[in-house]
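Reader: Could you walk me through a few local features here, starting at a helix end and finishing with the aromatic rings?

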Amino acid sequence: MTIETLSEHRCFGGTQGVYRHRSTSTGTDMTFGVFLPEAARYGSVPVLWYLSGLTCTHENAMIKSAAQAHADEAGIALVFPDTSPRGEGVADDDAYDLGQGAGFYVNATEAPWAQHYRMWDYVATELPDLLTAQMPLDPGAMGITGHSMGGHGALTIAMTLPDRFRSVSALAPIANPTRSDWGRKQLAAYLGDDESSWAAHDASLLMRDRGFDGDVLIDQGTADQFLDLLMPESLSHAMAARRQPGMFRMQEGFDHSYWFVQSFIEDHVFWHAERLGL
């Protein structure tokens with residue numbers, strides 16, 4: 001499958017690129033960012049997938065997270081996928097929290113979303129397989145993280161596919177979407193009214209049911225204006241009940257913005273690098 005280069009720029013010791021390809025999962029053109037550290041000049045490197053939140057594209061974290069300097073120092077690549085399919089003929093909604101920019105990292109089964117909204121397959125299988133075949137990325141050393149809706153995606157995908165992702169963390173994740181307005185609306189639209197099908201996409205329920213084979217890092221700001229929607233206490237309680245190794249850190253005074261992400265992304269990059277063998 002052909003990857004089209006849209007831009008490449010020298011970034012610290014490495015290269016920040018933006019690329020596009022035709023996705024078989026979504027049936028659309030998909031744009032994504034990849035940062036390759038200097039170490040990638042000499043061989044394959046571990047890779048950290050960053051999943052973004054509601055209203056975002058591939059570009060938000062790529063520009064606002066300030067992660068590249070830390071990734072270059074650690075010798076780890078970064079991949080920034082988009083948050084949903086886009087383009088002419090792709091279903092959308094007037095609300096910011098449904099449709100384009102709000103794919104919720106699920107495979108939709110309901111009309112009109114099912115035709116294109118297959119972000120689970122895209123992030124978990126198609127794009128990793130494509131990039132590890134064509135870029136110097138180590139398929140056996142992949143971690144995943146994300147912010148808000150992206151934290152939800154990172155946690156649910158990693159707990160479901162532990163053989164694919166060896167490490168997982170999240171920043172202010174949507175932690176209990178089957179009980180939150182950031183979740184119930186979208187899961188009903190994408191997956192239908194049978195709530196039993198929603199459980200596979202709820203990090204708190206998955207944590208209680210299976211957990212993660214390894215430690216988990218979660219950061220959440222205490223001044224987050226969306227705390228009632230994120231429901232971090234549900235995930236924290238589930239981790240404690242399961243006795244899941246890891247850290248759940250409430251960071252005093254931080255809100256939901258990319259200033260919060262910038263403040264803790266260094267910890268997350270090096271935390272993943274250590275667990276991916278660097």
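Reader: What phi does G192 take, just after α5?

Author: In this predicted model, G192 has a positive phi of about 100°, right after α5 ends.

Reader: And the other end: which residue caps the N-terminal end of α5?

Author: For a cap, look for a polar side-chain atom by a backbone nitrogen at the helix start; a polar contact here needs N or O atoms within 3.5 Å. S180 does the job, with a side-chain oxygen 3.0 Å from the backbone nitrogen of W182.

Reader: Which residues of α5 are buried?

Author: Residues under 20% relative accessible area count as buried. In α5, which spans residues 181-191, those are W182, G183, Q186, L187, A189, Y190 and L191. Look down the axis: they fall within an arc of 165°, so they line one face of the helix. That buried set packs against α7 (227-230).

Reader: How many aromatic pairs does a search of the whole structure find?

Author: Nine. Take W113 and Y117: their rings sit 5.2 Å apart, centre to centre, with 90° between the planes, so the pair is edge-to-face, as over 60 degrees earns that label. Both W113 and Y117 are buried. For a tilted pair, try F254 and F260, at 6.2 Å centre to centre and 55° between the planes.

Reader: Are F254 and F260 buried or partly exposed?

Author: One of each. F254 counts as partly exposed because its relative accessibility is 26%, while F260, at 0%, counts as buried.

Reader: Which residues form one aromatic cluster with Y190?

Author: W113 and Y117. Y190 is also one of the buried residues of α5.

Conventions
Residues numbered from 1 in each chain as written. Predicted model: local features only at pLDDT ≥ 70, side-chain atom pairs only at ≥ 80, totals over all residues. Heavy atoms only, no water. Phe/Tyr/Trp six-rings, centres within 6.5 Å; stacked < 30°, edge-to-face > 60°. Buried < 20%, exposed > 50% of the residue type's maximum accessible area, 1.4 Å probe, protein only. Helix = DSSP H or I, 4+ residues; strand = E, 2+ residues; numbered from the N terminus. Arc of directions from axis to C-beta. Contact = heavy atoms within 4.5 Å. Polar contact = N/O pair within 3.5 Å; in protein donor to acceptor, adjacent residues only side chain to side chain.
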